[in-house]
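User: I have a structure open and would like to go through it with you. Can we take it piece by piece?
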Amino acid sequence: MTSTQIAIVGAGAAGLAAARELQQLGQDFLLLEASHRIGGRAYTEQLAADVPFDLGAHWLMAPSVNPLLPYARNAGLTLDAADEHFTVAQYFEECDWLPTDAYQEFSEYWDRQFDALAKAKNELSDTSVFDVIDNDSRWASYFHMFFAQDFTRDVDQASVMDAMNYVREENDLAVASGLGDLLLRYGANVPVSLNSAVRKIDSSGSDLGLETSKGPIRAERIILTVSTGVLATRQIKFAPALPDWKLDAIDSLPMGSCTRVALMFDAPILRELPDEFTIDTAGDGPIHFRNRPFADDYVEVAVGGRMAEWMEKSGEKATIDFILEKLRSISGQKAISEPSHSIVSAWDGDAWIKGAYSCARPGAADQRSVLARSIDDRIYFAGEATSSNYFASVHGACISGTEAARAATQSITRKEA
Ligand SMILES: Cc1cc2nc3c(=O)[nH]c(=O)nc-3n(C[C@H](O)[C@H](O)[C@H](O)COP(=O)(O)OP(=O)(O)OC[C@H]3O[C@@H](n4cnc5c(N)ncnc54)[C@H](O)[C@@H]3O)c2cc1C
């Protein structure tokens with residue numbers, strides 16, 4: 001039987017950061033990844049030759065704490081600041097563009113809602129976001145759409161405290177070659193066992209046992225980085241079973257949905273459209289477009305919440321047709337042909353992920369720290385969902401992985417002393 005001091009389960013951002021930390025500390029470890037690749041929810045595909053597209057994580061956020069940012073800079077990767085291209089978002093409703101001062105009006109409404117959410121947080125009222133915001137405003141549907149895009153669940157499904165605990169910074173950066181590509185580089189020197197799904201964790205003995213698709217492994221400590229989507233399906237068995245407090249935390253932090261779509265066109269039609277625009281036609285609610293990122297002829301759409309769930313269930317063709325219909329409503333039926341290249345993400349159906357990222361149920365914001373708590377200083381939990389302030393992000397996942405690696409190492413040192 002293979003033995004190791006620390007077994008890391010999952011080679012996404014958290015697992016890779018944990019492994020890199022253990023390498024630094026000179027600690028023996030095994031990194032086990034169920035799928036055929038590293039990176040998890042950071043994954044880049046080619047939309048067309050030399051046009052990378054991130055199916056999952058795209059923005060490098062929180063520059064003051066993001067451990068991937070110095071890494072990307074040192075690697076000489078081209079980074080693109082979102083704000084540099086941004087002029088003013090424009091809105092198209094039913095048959096026409098709204099005047100440009102609509103942007104100002106929406107921004108003011110947006111700020112007022114966040115003031116109301118901050119007040120609710122200060123009053124320790126962990127209700128749903130829907131319960132706090134002004135849903136009668138003509139801008140409410142836009143707020144609902146952008147919130148779901150950011151938090152992957154709709155306003156009625158999301159906790160106010162959780163949303164307000166999230167620490168935001170300005171200056172998000174996109175990596176020209178893709179954030180998935182960055183994670184591949186970040187993990188390039190980390191030994192990993194791919195196609196190694198962990199099926200069972202047995203903590204009944206003095207050592208921990210892992211049953212994997214490549215055979216049994218014995219470890220002193222485990223760092224578990226799989227998503228709450230995977231944990232919630234109970235596809236990894238535990239003996240003895242996980243305690244109720246841990247199961248409650250898992251179920252309180254469900255995965256939401258986020259579909260990312262790219263449509264590329266041969267004709268230069270997109271060049272006539274604004275950099276950022278939102279279309280609200282046919283009673284479907286607003287859909288937001290980023291136009292020609294990195295000056296390539298494609299539009300990017302990111303949809304969250306129930307609409308994203310609907311897109312994934314409806315399939316790629318229905319999703320593309322839906323988005324084309326929106327684009328055609330503003331540019332005339334003939335102007336937009338079929339796309340020459342397209343990509344539609346599908347995270348809910350990914351067997352090893354099961355959704356986009358975690359979003360606390362109303363009343364459950366405190367469950368992130370419970371999820372992060374170890375079981376008897378032997379099984380450590382890491383991954384985006386365990387971060388109280390940086391969940392839903394690659395940097396949050398990395399930070400949690402590094403912390404878990406340190407805690408597991410210290411616990412081995414304590415035992416040996
Ligand atoms: C559409 C979308 C857009 C996003 N946008 C951004 C963004 O712009 N910026 C940002 O910072 N973040 C973004 N995120 C969030 C970010 O991708 C995640 O928070 C982060 O990548 C999660 O990393 P992780 O290591 O916690 O989990 P994961 O990436 O899920 O890694 C867990 C790994 O465990 C593996 N695994 C699962 N089960 C088993 C098993 N039984 N045995 C062994 N291995 C297993 C999985 O295959 C996976 O590789 C986005 C995510 C999505 C889906």
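User: What comes right after α11, and what is the sign of its phi?
Analyst: G315 follows α11, and its phi is positive, near 100°. Keep in mind that this is a predicted model.

User: Which residues of α11 are buried?
Analyst: Helix α11 covers residues 305-314, and its buried residues are G305, M307, A308, E309, M311 and E312.

User: And what covers them?
Analyst: The cover over the buried residues of α11 includes two helices, α6 (140-151) and α12 (316-331), and two strands, β14 (258-264) and β17 (298-304).

User: Those strands, which sheet are they in?
Analyst: They belong to an open sheet of seven strands with mixed pairing, in the order β8-β7-β15-β16-β17-β14-β18. Its edge strands are β8 (96-97) and β18 (341-344), each pairing on one side only.

User: How does β7 pair with β8, parallel or antiparallel?
Analyst: Antiparallel: β7 (residues 90-93) and β8 share two bridges. In that pair, F92 stands opposite W97 of β8.

User: Back to the helix. Where does α11 touch that sheet, and what angle does its direction make with that of β17?
Analyst: α11 packs on the sheet through contacts with β14 and β17, and its direction makes about 115° with that of β17.

User: New topic. Which hairpin has D50 in it?
Analyst: The one formed by β3 and β4, with two residues between the strands; D50 takes a positive phi near 60° there. Strand β3 (residues 44-48) and strand β4 (residues 51-54) pair in the antiparallel sense over four bridges. A48 stands opposite V51 in β4.

User: What about domains, how is the chain divided?
Analyst: The domain assignment gives domain 1 as 2-43 + 179-253 + 363-416 and domain 2 as 79-173 + 255-344. Their C-alpha centres lie 33 Å apart.

User: How many residues are in contact between them?
Analyst: 10 residues of domain 1 are in contact with eight of domain 2. The domain 1 side of that contact has four nonpolar, six polar and no charged residues.

User: Last one, the ligand. Which residues come nearest?
Analyst: G10, G12, G40, A57 and G383, out of 41 residues around the ligand. The elements that give two or more residues to this shell are α1 (13-25), β14 and α14 (394-416).

User: How does the shell divide into nonpolar, polar and charged?
Analyst: The shell around the ligand has 24 nonpolar residues, 13 polar and four charged. Strand β14 has come up before: it is also part of the cover over the buried residues of α11.

Methods: Residues numbered from 1 in each chain as written. Predicted model: local features only at pLDDT ≥ 70, side-chain atom pairs only at ≥ 80, totals over all residues. Pairing = 2+ DSSP bridges. Buried ≥ 20, exposed ≤ 12 C-beta atoms within 10 Å, placed from the backbone. Contact = placed C-beta atoms within 7 Å. Domains from an automatic or database assignment. Nonpolar A, V, L, I, M, F, W, Y, C, P; charged D, E, K, R; others polar. Axes fitted to C-alpha atoms, helices over the stretch in contact; angles between N-to-C directions. Near = placed C-beta within 6 Å.
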